[in-house]
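Trainee: Please take a close look at the open spaces in this model, the main pocket above all, and then at the parts that help to line them or lie elsewhere in the chain.

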Amino acid sequence: MRAVAERVDVDVRDLKAFAFTIPTDKPESDGTIEWSSTTLVLVEASAGDTTGFGWTYGAAAAAALIRDVLAPLVVGRSALDVPATNLALRAALRNVGYRGIGATAVSAVDVALWDLKAKLLNTSLVALLGAVRDAVPVYGSGGFCSYTDAELATQLAGWVEQGIPRVKMKVGREPHRDPGRVRTAREAIGGDAELYVDANGALTVKGAVRCGQAFDESRVSWFEEPVSSDDRDGLRRLRELLPAGMEVAAGEYAYTACDFHDLLGCVDCLQADVTRCGGITGVLAAGVLAAASELDLSGHTAPTIHAHALCAVERVRHLEWFVDHVRIERRYFDGFLEPANGVVRPDRSRPGLGVEPRVDDLEAFAA
């Protein structure tokens with residue numbers, strides 16, 4: 001009988017965090033906020049001569065929290081026991097406050113540790129996690145409320161021309177204008193592509209019903225956060241009140257497994273954001289909850305990370321090819337993968353996530 005090899009631990013020797021605030025190409029807005037920059041919080045986790053990378057999109061304060069509170073708890077722990085470290089970090093933030101900035105900080109560290117572990121084992125992250133599929137469908141996402149109709153049409157049609165057969169636009173800032181904007185989008189993408197809308201919680205239940213009825217003329221099939229994700233009852237009611245064939249989606253602001261659990265029965269498709277929900281560890285937990293409720297899981301933003309994580313999830317709908325994050329990851333990460341035929345396929349030939357940030361280029365945007 002073959003002997004089981006003795007386990008060899010590799011301890012994390014260093015954990016660093018940096019914040020970079022990168023301007024958008026032009027002012028952007030959705031149903032509830034406006035912005036002109038995106039902040040990337042980058043984490044480097046090292047063991048021996050190997051470094052793993054993780055990141056989140058949010059507030060620069062997450063980097064300070066990682067350096068001051070989380071790093072001392074990570075250094076010296078096994079680089080192989082990522083879920084145990086995740087639990088320890090969440091527990092350490094009990095009095096600081098986990099949801100929000102705390103969750104984004106833990107998410108970035110968790111991703112860095114998974115990347116590090118895969119590199120130490122000289123395998124891709126998708127292979128380490130155990131794949132259920134080889135690729136994940138994507139949908140183009142942007143269509144900001146700040147765009148002119150011409151800009152909206154050009155962006156959405158561009159994705160369809162690239163072979164991405166589903167696109168999403170923002171609504172809710174000026175509800176009276178949205179039916180016309182949605183018609184413009186439908187005309188631009190043609191009759192075959194799927195059209196999604198996202199209100200970012202800007203509407204009331206009655207307002208969402210009115211919008212949904214108008215959007216139905218343009219065959220909108222996905223209504224994301226028509227009301228706030230905190231309004232579980234409103235989401236549940238809209239599943240019944242919106243036109244048949246128009247699905248309700250939410251979950252991007254779920255930070256814990258309990259948050260995902262509370263959304264079950266309220267949505268037709270559950271969303272998870274790897275940069276907010278506890279990283280790779282959190283996405284895997286959300287995937288189990290979704291599968292147990294016979295729901296698909298959709299990845300929200302951060303396409304490079306989700307490409308690996310969602311390949312290990314049982315029931316997956318797609319991942320968001322969000323223009324702001326695609327722009328950053330394409331420009332500043334070597335090894336960034338482009339979709340082909342509407343799907344993105346993790347690179348199994350490279351260890352970990354398969355990308356390396358160009359930190360020297362990002363330094364110009366240090367926050």
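Mentor: A definition comes before the pocket itself. On a 1 Å grid over the protein atoms alone, a pocket is an open set of points with protein on both sides within 12 Å along at least five of seven lines, whereas a cavity is a set where a 1.4 Å probe fits but cannot get out; a lining residue has an atom within 4 Å of a point. Points are joined across faces, edges and corners, and the volume is the space filled by probe spheres set on them. The model is predicted, so local features need pLDDT of at least 70 and side-chain atom pairs count only at pLDDT 80 or more, while totals for chains, interfaces and linings use all residues. Numbering runs from 1 along each chain as its sequence is written, and side-chain values use heavy atoms, with hydrogens and water left out.

The largest pocket has a volume of about 620 Å³. Its lining is made up of 28 residues, and those nearest the centre are I33, Y57, G58, Y253 and R276. Helices and strands here are DSSP runs numbered from the N terminus, H or I of at least four residues for a helix and E of at least two for a strand. Four elements, β2 (34-47), α3 (101-120), β11 (316-322) and α12 (323-332), each supply at least two lining residues of the largest pocket. β2 has the largest share, with four residues. For the classes, Ala, Val, Leu, Ile, Met, Phe, Trp, Tyr, Cys and Pro count as nonpolar, Asp, Glu, Lys and Arg as charged, and the others, Gly among them, as polar. On that basis the lining of the largest pocket divides into 12 polar, eight nonpolar and eight charged residues.

The second largest pocket has a volume of about 210 Å³. It is lined by 15 residues, with S228, S229, D230, R232 and Y253 closest to its centre. Y253 is thus named among the central residues of the largest pocket and of the second largest pocket. The lining of the second largest pocket has six charged, five polar and four nonpolar residues.

Of the elements that line the largest pocket, α12 deserves a further look. Buried means under 20% relative accessible area, exposed over 50%, and partly exposed in between, with a 1.4 Å probe and protein chains only. Eight of the 10 residues of α12 are buried, so the helix is largely enclosed by the rest of the structure. They are V323, D324, H325, V326, R327, I328, E329 and Y332. V326 has a relative accessible area of 4%. Beyond its neighbours within four places in sequence, V326 is in contact (heavy atoms within 4.5 Å) with P303, W321 and F336. V326 also lies 10.0 Å from G140, C-alpha to C-alpha, although 186 residues separate the two in sequence.

F336, one of the contacts of V326, leads on to the closed spaces. There are three cavities of 30 Å³ or more, and the largest has a volume of about 100 Å³. Of the 14 residues that line the largest cavity, T304, A307, G335, F336 and L337 are the closest to its centre. Helix α11 (residues 303-309) gives the most to this lining, with four residues. Eight of the lining residues of the largest cavity are nonpolar, four polar and two charged.

Helix α6 (residues 178-189) gives a simple check of geometry. The expected span of a helix is 1.5 Å times one less than its number of residues, so the 12 residues of α6 should span 16 Å, which agrees with the 16 Å between its end C-alpha atoms. The buried residues of α6 include D178, P179, R181 and V182. Among the elements that cover the buried residues of α6 are α5 (149-161), β5 (166-170) and β6 (194-198). Just after α6, G190 takes a positive phi of about 85 degrees.

Most residues other than glycine have a negative phi. N122 has a positive phi near 55 degrees and sits in the loop between α3 and α4 (125-129). N122 is exposed, with a relative accessible area of 65%. R219 likewise has a positive phi, near 55 degrees, in the loop between α7 and β7. R219 is partly exposed, at 48% relative accessible area.
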